Amino acid sequence: MITSIRRIFISQKVIPICSVILGILFIITMLAPWIAPNDPIAVNLAFKLQPPSWEFPLGTDHLGRCNLSRLLYGGRISLGFAMLIFISSLTIGLMIGTFSGYKGGFVDQVLMRFCDGVMAFPSLILILGLVGIFGPGLPQVILALMLVQWVYYARMFRGMVLSLKEQNFIAAAKISGSSQWKIIRNHIVPNVLPPLVVMGTLEMGWAIMDISAMSFLGLGVQPPTPEWGAMIHEGKSYIRTNPELMLYPGLMIMLVIVTFNLLGEALSERYGVKRRS
Amino acid sequence: MSLLQINEVTHSYGSRTVFNWKDRSKNILSDISLSIEEGTCLGLLGSSGAGKSTLGRVILGLERPQYGQVLFQGHDIYTADKQIRQKIRRDLQAVFQDSYSSVNPRMTAERIIAEPLENYEKLTVAEQKRTVIELLERVGLSEADLKKYPNQFSGGQLQRINIARAISLKPKLIVLDESVSSLDMVTQTLILELLKELKANFGLSYLFITHDIKAAYTISDRLGVLEKGKLVELYDEKKQFFTSEHPVANELRDSMLAEHPRFRSVRRA
C-alpha cells in the first residue's frame with residue numbers, strides 16, 4: 001500500500017507537474033504589486049471579516065485587509081527570502097566546505113568539529129536561540145538561518161571534494177602546473193555543482209517552513225507586513241468564527257512545501273542524490 | 001648529472017587527526033635510491049602493493065617523502081623555491097593507469113590537452129588550438145576529436161589524450177604509472193610503439209611503472225624490481241632480469257604467461 005502510494009508520487013509526471021505549480025506560484029507572487037486587487041496593509045475596520053466578494057475575492061481579515069492581496073504579498077516574502085537564504089548559505093557552505101576538504105589536515109579538523117557541534121543541536125532550536133540573541137525581525141531571522149544552514153552544505157561539499165581530490169585528474173592538473181586556485185575553480189567546483197538543483201528544491205521547502213515558523217512565533221516578519229506564518233499567527237484568535245484566516249495561508253504553506261518536497265524527492269530519486277538527514 | 005636522482009627515499013602513510021597526531025604506521029617505501037639518465041627508460045616492476053605507485057607520486061612531487069631527496073635536474077623538487085619548482089614541474093609529466101579518472105569529465109579534449117599549455121606557454125587562442133590539433137594528430141587522433149567529452153572516447157583513445165597532454169610541453173621525463181595495463185593487447189602494443197617513437201624523436205626519458213614484464217621489457221633500457229617498498233634489484237642491462245636468481249625476480253618471471261600455453265615451463269620452486 002505505502003509503496004504503491006510512493007510509486008504514484010515518484011512517477012515520471014511528478015517533476016513536470018511540480019515544476020509547473022511552483023513556476024506559477026513564483027510568477028504570481030513576484031507579480032503581486034501588479035495583480036493584487038487591494039493594498040495588503042490598508043486597514044479599514046468598516047470592512048472587517050467580510051465574506052468573499054468581487055472586491056475582496058477571499059474576504060477580509062480582522063482589520064479589513066484583503067486576504068488575497070496579503071497572500072500574494074506574503075508569498076513574495078516567503079519565496080524570495082527562502083531563495084536568499086538558500087543561495088547565501090549555499091555560497092558560504094560551498095566556500096568553507098571546498099576549502100576545508102581540499103586543504104585537509106588541521107584546518108579541516110577544526111572546521112569540521114565546529115560543524116559537528118552545530119549539527120548536534122536540532123536546527124530549529126538553534127535558530128530560535130540565535131533569534132533570541134539578535135532580537136525579533138526578518139533580517140535577524142535570515143541571518144540566524146544562514147548561520148545555521150551553511151553547516152550542512154559545508155559538510156556535504158567537503159565530502160564530495162574529498163572523493164574528488166583522490167581522482168587522478170586532480171593529480172594530473174597539479175602536474176600540469178595548475179595553481180591551487182585554478183584546480184578548485186576548474187576541476188573541483190564544476191564537479192560538485194550538479195547535485196545542487198536537487199538539494200536546492202529540498203532546502204527551499206525547509207527555508208520557507210523555517211521563516212513561517214519564526215513569523216508564527218512572532219520572531220520573524222513584524223506586522224503589518226504580510227507573511228504566511230505571520231498571517232496564521234494573526235488569524236488564530238478568530239479560529240472559531242473565521243477559520244479561513246488561518247486556512248488560506250496554511251494551505252499556501254502546505255502547497256508550497258509539499259510541492260517542493262515532492263519535486264526534490266523525485267529529482268533525487270532520478271539523479272541519485274542523497275538528501276540531508 | 002642524472003636527469004632524475006632519488007636518494008634514500010623513505011615514506012609511510014598514517015592518518016593524522018586531532019586525537020592521533022603522529023600516527024606513522026607502516027613504511028610504503030624504504031630507503032630507495034635510483035637514477036634515470038636523459039633519453040633512457042627505467043622499467044620498475046613489482047606486484048600489487050609493492051609501493052610502485054607511491055614512488056611515482058613521490059617523484060612527481062605529489063607526495064612529500066618523510067626522508068630522502070628527489071633531485072630532478074639537480075634541484076630538490078620539494079625544497080627548491082617556488083619558481084624553480086614551477087620550472088622543473090614543466091619537464092616532469094605523467095600518465096596514469098586509469099585513463100577515465102585522469103581527465104576531468106566536464107572538459108572537452110581540447111581543454112584537457114591545453115591545460116599545461118595555458119599554464120606555461122603564453123599562446124594566442126589560435127596558436128593554442130593549432131598546437132592541440134598537432135598533439136592530437138601526433139597521438140593518432142584527429143581534429144574532429146577536439147570538442148568531444150571524455151565519455152565519447154574509448155579507454156585507449158583517452159589514454160592517447162593523456163599522453164598528448166603529457167607531451168604537450170615537450171618534457172624531459174614522463175612517469176608512466178601502469179599506463180598501458182588497463183588496455184587490451186592490441187591497443188597496448190600501439191601505445192607502446194607510440195611511446196617508443198616519441199622517445200626516439202624527442203629524446204624523452206620514461207619511468208615505466210608496471211607489473212607487466214613484457215611491456216616493461218619492450219620499452220625499457222634498464223629494469224628495477226620493487227618488493228615491499230624496497231628496491232631489491234636494479235639491472236643496468238634489461239637482459240639480466242632473465243638470468244637473475246633473486247627470488248622476487250623468479251616469482252615475477254614465473255608469473256609471465258608462456259608464448260604458447262601447452263609448452264609452459266614447469267614452475268620453479
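These are my notebook entries on a predicted model with chains A and B.

**Entry: chain A overall**

I started with the fold of chain A. I count what the assignment gives: 12 helices and 0 strands. Reading along the sequence, I just get α-α-α-α-α-α-α-α-α-α-α-α. I also looked up the extent of chain A: along the principal axes, its C-alpha atoms fill a box of roughly 75 × 45 × 40 Å.

**Entry: what the record says about chain A**

Next I pulled the UniProt annotations, which come from an unreviewed entry. The record puts "domain: ABC transmembrane type-1" on residues 75-264 of chain A. In the model I find that span to be 82% helix and 0% strand, and its end C-alpha atoms lie 20 Å apart.

The record also marks "transmembrane region" on chain A, at residues 14-36, 77-102, 114-134, 140-157, 188-209 and 246-267 (unreviewed entry again). I checked two of these against the model. Residues 188-209 of chain A come out as 86% helix and 0% strand, with 32 Å between the end C-alpha atoms. Residues 246-267 of chain A are 100% helix and 0% strand, with the end C-alpha atoms 31 Å apart.

**Entry: helix pairs in chain A**

I went through three packed pairs, noting angle and axis distance, since that is how two packed helices are described.

*H2(A) and H4(A).* How do the axes of H2(A) and H4(A) cross? I get roughly 110° between helix H2 (residues 14-30) and helix H4 (residues 67-103) of chain A, with the axes coming within 8 Å. The two helices are therefore roughly perpendicular to each other; the window for that label is 65 to 115 degrees. H2(A) passes H4(A) in a left-handed crossing. On the H2(A) side I noted Leu25(A), Phe26(A), Ile28(A), Thr29(A) and Met30(A), and on the H4(A) side Leu72(A), Gly75(A), Arg76(A) and Leu79(A). By class, the residues of this contact between H2(A) and H4(A) are 6 nonpolar, 2 polar and 1 charged.

*H6(A) and H7(A).* Helix H6 (residues 123-134) and helix H7 (residues 138-165) of chain A have axes 9 Å apart at an angle of about 135°. I log H6(A) and H7(A) as oblique to each other because of that angle: to be called roughly antiparallel, a pair has to be over 145 degrees. The crossing of H6(A) and H7(A) is right-handed. H6(A) brings Ser123(A), Leu126(A), Ile127(A), Leu130(A), Val131(A) and Phe134(A) to the contact, and H7(A) brings Gln140(A), Val141(A), Leu143(A), Ala144(A), Leu145(A), Leu147(A) and Val148(A). The class tally for H6(A) with H7(A) is 11 nonpolar, 2 polar and no charged residues.

*H10(A) and H11(A).* Which way do H10(A) and H11(A) run, roughly parallel or roughly antiparallel to each other? Helix H10 (residues 196-216) and helix H11 (residues 228-235) of chain A pack at about 30°, with the axes 7 Å apart, so I wrote down roughly parallel. The H10(A)/H11(A) crossing is right-handed. In H10(A), Ile211(A), Ser212(A), Ala213(A), Met214(A), Ser215(A) and Phe216(A) meet Trp228(A), Gly229(A), Ala230(A), Ile232(A) and His233(A) of H11(A). I get 7 nonpolar, 4 polar and no charged residues for the contact of H10(A) with H11(A).

**Entry: domains of chain B**

Then I moved to chain B. It is divided into domain 1 (1-13 + 24-91 + 171-257) and domain 2 (99-168). Taken over C-alpha atoms, the centres of the two domains of chain B are separated by 25 Å. Domain 1 of chain B puts 10 residues into the contact and domain 2 of chain B puts in 9 residues. On the domain 1 side, the largest share, 4 residues, belongs to helix H6 (residues 185-202) of chain B. I sorted that side of domain 1 of chain B by class as well: 6 nonpolar, 3 polar and 1 charged.

**Entry: chain B against chain A**

Last, the interface between the chains. How many residues does the contact take from each chain? I find 21 residues from chain B and 15 residues from chain A. On the chain B side, helix H2 (82-90), strand E6 (92-95) and helix H3 (109-120) each supply at least two residues. H3(B) gives the largest share of that side, 4 residues. By class, the side of chain B that touches chain A has 8 nonpolar, 7 polar and 6 charged residues.

Notes
Residues are numbered from 1 along each chain as its sequence is written. Chains are lettered from A and ligands numbered from 1 in the order in which they are written. This is a predicted model: local features need pLDDT of at least 70, side-chain atom pairs count only at pLDDT 80 or more; totals for chains, interfaces and linings use all residues. Two residues are in contact if their C-beta atoms, placed from the backbone, lie within 7 Å. Ala, Val, Leu, Ile, Met, Phe, Trp, Tyr, Cys and Pro count as nonpolar, Asp, Glu, Lys and Arg as charged, and the others, Gly among them, as polar. Axes are lines fitted to C-alpha atoms, for helices over the stretch in contact, and angles run from 0 to 180 degrees between N-to-C directions. Angles under 35 degrees count as roughly parallel, over 145 as roughly antiparallel, 65 to 115 as roughly perpendicular and the rest as oblique. A crossing is left-handed if the near helix is turned anticlockwise from the far one by less than a right angle, and right-handed if clockwise. Domain bounds come from an automatic or database domain assignment. UniProt positions are given in the numbering used here, feature names are shortened, and annotations may be inferred rather than shown by experiment.
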